[in-house]
Amino acid sequence: MTQKNLISQVLVFGFYLLLQIFFVRQLVLFNYAFCFVYIASITLLPFETNRITLILLGFLSGLTVDVFYNTIGANAAAMTLIAYLRPSIISLLTPQRGYDERQTLSLNSMGLTWFITYTATLTVIHHFVLFLLEASDWGLFLPVLAKVICSTIFTTVVIVIIQFFRKE
Amino acid sequence: MYQLVQFISRQRAFILFAILEVLSLWFFYSFNNYPNAIFFNTTNLYAAKALAASNSIKEYSNLRDVNTELATENSRLNALVSKLQAQQLDKSIVNYKADSAVAARFKFVVAKVQNLTTTQFNNYITIDKGSADGLAPGMGVISSTGVVGKIKSCSEHFSVVISILHSSYSVSAKIKSNSEIGSVKWEGTNPDEVEMTEVSRYKTVKLKDTVVTSDFNYVFPPNITIGYVKKVGVKSDQTFHDIKLQLATNFHTLSYVYVINNKLLNEQKALEEKSGDVKTK
């Protein structure tokens, strides 16, 4: 990875965290749909990022968001899990012809279907862990499920929309 | 030994994952119940400053609501003052005179809301006063219209409040019209509605009755409004009413709150502990 690439990756990572903390935090639809756009800071790292880096960055971004949500540990746990699972999900979703050497992890390069499936899978895992931990009560399972479904749709749509505005 | 090293290096991703996952869960289960975990929440100075900056924009758009609320509160207080003056004149209760220290035991501190959530299962509010202004964990917090919550932790200039919209927080309450005692708790989904339990079904409860804090309360002064009865039913066990309240505090526009400092709290608690048979709640 060249130095220029590295810097732009760091900027993208920071951009999603700031977006989450200062803007998206207030964004809730119908009390059920939450937006956790900062997931993209992990899911959009380049294909070749190794697992150790992914896990460390995931833990770090989760913890940062936790500080602002007063849910210390919940986001960190969910982010660490999806960072660990990311390589497996990517290989699960391998297209028939395999991944092309030149492909990058973005909407333009991977196509809409692949990108949405990939983002939604990781998002649903993250939300399920997060909301279940937060509720800490099986009696609230139905509201949790409703929150997970609505929020997954919301988060995925926002991440995809941001991709449309991205410069290649 | 060599094999062990080899195993660790092969599985290092999984081991790192397991360690961080356990660490996060440990954070989650210990810090969320630990009152002075200052560094890891919004009382952290840098986090709080960042929130204050982003909050200042929202504040302008809320000014109209805040004004209305303050005006309503003014009129309510005026009414109260005149009522008290009248009562003092006829001295209706024979020979009872509250000790002046007891009558003036509550001190109010005004604070501004920096951050609040209403949609999580456990909601917290960050305010801009802390231990430097005499605040301490356990103090009650009210708004101009009703009950808000209780302070969980303080740093020097900020505090985190457990909102009444928190799954493990309940307030001792009473129905104003017939003085029935019960407790009020949030059910976890609707931020405008709380549930009142432990009211016997053989008592009459009317719609739109006002529910206030009871006298058996360490945190709040008596007679602070909690909400208004919105729905009355019977619980499945047939012994208690199933009452839903409309919250008096509008958490969506909450901007200023009052923190209640009960100056005689320690004295009362120490006395009750010494005599032993009064349960501390």
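The expected span of a helix is 1.5 Å times one less than its number of residues. Keep that rule at hand for the second stop.

**Before you start**

This is a predicted model, in which local features need pLDDT of at least 70, side-chain atom pairs count only at pLDDT 80 or more, and totals for chains, interfaces and linings use all residues. Residues are numbered from 1 along each chain as its sequence is written, and chains are lettered from A and ligands numbered from 1 in the order in which they are written.

The model has an ipTM of 0.73 and a pTM of 0.62. Colour by pLDDT, the predictor's confidence in each residue, from 0 to 100. Chain A averages 81, with 95% of the residues at 70 or above; chain B averages 77, with 80% of the residues scoring at least 70. Where pLDDT is low, the predicted coordinates should not be read in detail.

**Stop 1: chain A as a whole**

Show chain A as a cartoon. You will find seven helices and two strands, where helices (H or I, at least four residues) and strands (E, at least two) are DSSP runs, numbered from the N terminus. Walking along the sequence, the order is α-β-β-α-α-α-α-α-α. Of the 168 residues in chain A, 39% are buried, a word that here means 20 or more other C-beta atoms within 10 Å of the residue's own (exposed is 12 or fewer, partly exposed in between), with C-beta atoms placed from the backbone.

**Stop 2: helix H4 of chain A**

Now select residues 74-92 of chain A, which form helix H4. In chain A, confidence is highest in H4(A), at a mean of 87, and lowest in strand S1 (residues 28-29), at 74. Does the length fit or clash with what 19 residues should span? The expected span is 27 Å and the end C-alpha atoms are 26 Å apart, so the two agree.

Next, centre on A:Arg86. H4(A) bends there by about 45 degrees, and A:Pro87 follows within four residues; the bend is the angle between axes fitted to the seven residues ending at a residue and the seven starting there. A:Arg86 is also one of the buried residues of H4(A), which include A:Met79, A:Leu81 and A:Tyr84.

**Stop 3: where the chains touch**

Show both chains. The contact takes 25 residues from chain A and 28 from chain B, with two residues in contact if their C-beta atoms, placed from the backbone, lie within 7 Å. On the side of chain B that touches chain A, helix H2 (12-31), helix H3 (45-90) and strand S2 (122-127) each supply at least two residues. H2(B) gives the largest share, eleven residues.

**Stop 4: strand S11 of chain B**

Select residues 241-247 of chain B and show side chains. Which of them point to the buried face? B:His241, B:Ile243, B:Leu245 and B:Leu247 do, while B:Asp242, B:Lys244 and B:Gln246 point to the other face and are not buried.

Add the neighbours, remembering that two strands pair if DSSP finds at least two bridges between them. Strand S8 (residues 193-197) pairs antiparallel with S11(B) over four bridges, and B:Glu195 has B:Lys244 as its bridge partner there. Strand S10 (residues 225-234) also pairs with S11(B) in the antiparallel sense, over seven bridges. B:Lys231 is bridged to B:Lys244, and B:Tyr228 to B:Gln246.

In the hairpin of S10(B) and S11(B), six residues lie between the strands, and B:Gln238 takes a positive phi near 70 degrees.

Finally, add strand S9 (residues 210-213), which runs antiparallel to S10(B) and is joined to S10(B) by three bridges. Here B:Thr210 stands opposite B:Tyr228.
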